[in-house]
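User: Please take a close look at one part of this structure, the two small sheets and the turns beside them, and then say how the rest of the chain compares in outline. I have not seen this structure before.

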Amino acid sequence: MAIVEVKVPQLSESVAEATLLTWKKQPGDAVAIDEILIEIETDKVVLEVPAPSAGVITELTVANGGTVTSDQVIAKIDSEAKAGAAAPVAAAPAPAAAAPAAAAASSDSTSKAGVAMPAAAKLMADNNLAAGTVSGTGKDGRVTKGDVLGAIEGGAKPAVVTAPVAAPTAPAAKPLPAVAAPTAANLGDRPEQRVPMSRLRARIAERLLQSQSTNAILTTFNEVNMAPVMDLRKKFQDSFTKEHGTKLGFMSFFVKAAVHALKKYPVLNASVDGNDIVYHGYFDIGIAVGSPRGLVVPILRNADQMSFADIEKKIAEFGKKAQEGKLGIEEMTGGTFSISNGGTFGSMLSTPIINPPQSAILGVHATKDRAVVENGQIVIRPINYLAMSYDHRIIDGREAVLGLVAMKDALEDPARLLFDI
């Protein structure tokens with residue numbers, strides 16, 4: 001017997017502990033090397049734990065929902081055993097744990113078939129679909145989010161779940177959407193569910209309260225005529241896409257305009273550390289991205305050194321990783337300034353909350369045709385309302401207003417970004 005330990009990945013210094021989600025394998029099951037055994041949720045990301053060796057699971061040392069720390073042993077694999085050989089170790093009877101020996105010798109791609117990607121697994125759990133009911137079209141037969149959505153549209157039947165709190169003769173209640181680990185109350189046609197917050201959601205709540213209780217938050221607003229940016233995009237979109245393999249979006253302009261303003265007014269890029277103001281000589285811009293688990297803010301490192309194409313590609317990568325739950329801790333650590341684009345969801349105006357320990361955040365909204373006055377005439381222009389929240393402890397109104405005006409000027413005359421004026 002050659003036992004290989006499965007350990008929790010190294011967590012960042014700011015993450016003390018994490019929570020195990022649901023084991024994909026049980027004692028006695030055969031696993032292939034690099035097959036995903038379980039996902040671990042921290043207050044920032046969800047990490048996948050792959051099998052360090054092929055073999056058979058002999059023991060799960062931490063159950064679903066358990067709290068774990070870095071490098072903690074959570075399972076053991078016998079790298080020399082065949083499927084079913086570890087049956088005495090498992091709590092289940094031998095017949096239930098047994099599997100054909102050929103399963104252990106199957107190819108790596110075959111063993112991965114049917115394994116659900118994180119976003120797909122969550123969607124299956126939300127819709128109460130049992131493992132194995134959705135066919136995978138991803139790499140090596142993995143189940144993708146698109147596979148699950150297609151199965152749902154095709155009428156896939158949810159798994160039958162027995163609710164121990166409901167009596168067999170109780171009247172049927174209108175079902176709520178399936179959620180993880182709910183505590184349900186049978187209230188006839190007025191059902192309720194109590195669902196524990198995920199680590200990420202609890203961390204978001206904690207940081208928002210911390211921001212509002214420790215920062216002197218004030219928000220300044222301005223409007224920007226987006227016609228010059230829209231005209232520029234229209235003129236160069238085809239050649240830009242052909243040259244760089246990605247579309248020219250609006251966010252790269254907002255990032256460039258923000259960096260332009262931060263260079264002019266460095267305090268907007270600073271942070272508070274006790275009684276000290278820390279001025280950062282680099283520009284790490286956080287981009288707020290929605291994900292199935294909540295809002296996350298991955299970081300564009302050294303955004304001042306990135307081209308428009310670099311920014312667009314990185315933001316697209318962040319969006320894809322966020323949907324699949326693949327963002328790493330290192331991709332969301334740090335940041336000196338943030339941008340939140342509520343316009344994606346149709347927001348007209350908002351007051352964004354500062355992301356500690358940063359001291360300012362830019363809120364971008366939906367661009368709409370509006371009546372404005374130019375040279376005494378009422379004209380129609382595509383207008384976007386910008387909002388910048390800032391920590392009034394270190395940023396005075398003058399710097400905040402002038403900083404937002406600098407962003408406005410850069411967007412209304414994009415050539416300024418080329419000449420840094």
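Analyst: What follows starts with the whole chain, goes through the two sheets, and ends with the helices and two prolines.

The model is a predicted one. Its protein chain has 10 helices and 21 strands. Of its 421 residues, 41% count as buried. Among the contacts in the chain with a separation of 6 or more, 63% are between residues 24 or more positions apart.

One sheet is open and has four strands, in the order E1-E8-E6-E3, with antiparallel pairing. Strand E1, residues 3-7, and strand E3, residues 30-31, are at its edges; each has a single partner strand, so one side of each has no neighbour in the sheet. In general, the strands of a sheet pair through backbone hydrogen bonds, in either a parallel or an antiparallel way. E3 is joined to strand E6, residues 55-60, by two bridges in the antiparallel sense. In this pair, Ala 30 lies opposite Val 56 of E6.

The other sheet is also open, with four strands in the order E5-E4-E2-E7 and antiparallel pairing. Here the edges are taken by strand E5, residues 46-50, and strand E7, residues 67-68, each of which pairs on one side only. E7 runs antiparallel to strand E2, residues 18-20, and two bridges join them. Ala 18 is the residue opposite Val 68 of E7.

Two loops next to these strands contain an aspartate with an unusual backbone angle. As background, most residues other than glycine have a negative phi, and most peptide bonds are trans. Asp 34 is not a glycine, yet its phi is positive, at about 75°. Asp 34 belongs to the loop between E3 and strand E4, residues 36-41. With a relative accessible area of 44%, Asp 34 is partly exposed. Asp 71 likewise has a positive phi, near 65°. The loop that holds Asp 71 runs between E7 and strand E8, residues 73-78. Asp 71 counts as partly exposed, because its relative accessibility is 43% and the partly exposed class lies between 20% and 50%.

Further along the chain there is another backbone feature. The peptide bond from Pro 356 to Pro 357 is cis, with omega near 5°. Pro 357 is in the loop between strand E18, residues 337-341, and strand E19, residues 360-364.

The helices give a further view. Helix H7, residues 251-264, and helix H9, residues 397-412, have axes that come within 8 Å and cross at roughly 135°. That angle makes H7 oblique to H9. The crossing of H7 past H9 is right-handed. From H7, the contact uses Phe 253, Phe 254, Ala 257, Ala 258, His 260, Ala 261 and Lys 264; from H9 it uses Gly 403, Ala 406, Met 407, Ala 410 and Leu 411. By type, the residues of this contact are nine nonpolar, two polar and one charged.

Pro 414 is in the loop between H9 and helix H10, residues 415-419. Its relative accessibility is 12%, so Pro 414 counts as buried. Leaving aside residues up to four places away in sequence, Pro 414 touches Pro 228, Val 229 and Leu 232. Pro 414 and Val 229 are 185 residues apart in sequence, while their C-alpha atoms are 6.7 Å apart in space.

How values were computed:
Residues numbered from 1 in each chain as written. Predicted model: local features only at pLDDT ≥ 70, side-chain atom pairs only at ≥ 80, totals over all residues. Heavy atoms only, no water. Axes fitted to C-alpha atoms, helices over the stretch in contact; angles between N-to-C directions. Parallel < 35°, antiparallel > 145°, perpendicular 65-115°, else oblique. Left-handed = near helix turned anticlockwise from the far one by under 90°. Contact = heavy atoms within 4.5 Å. Nonpolar A, V, L, I, M, F, W, Y, C, P; charged D, E, K, R; others polar. Pairing = 2+ DSSP bridges. Buried < 20%, exposed > 50% of the residue type's maximum accessible area, 1.4 Å probe, protein only.
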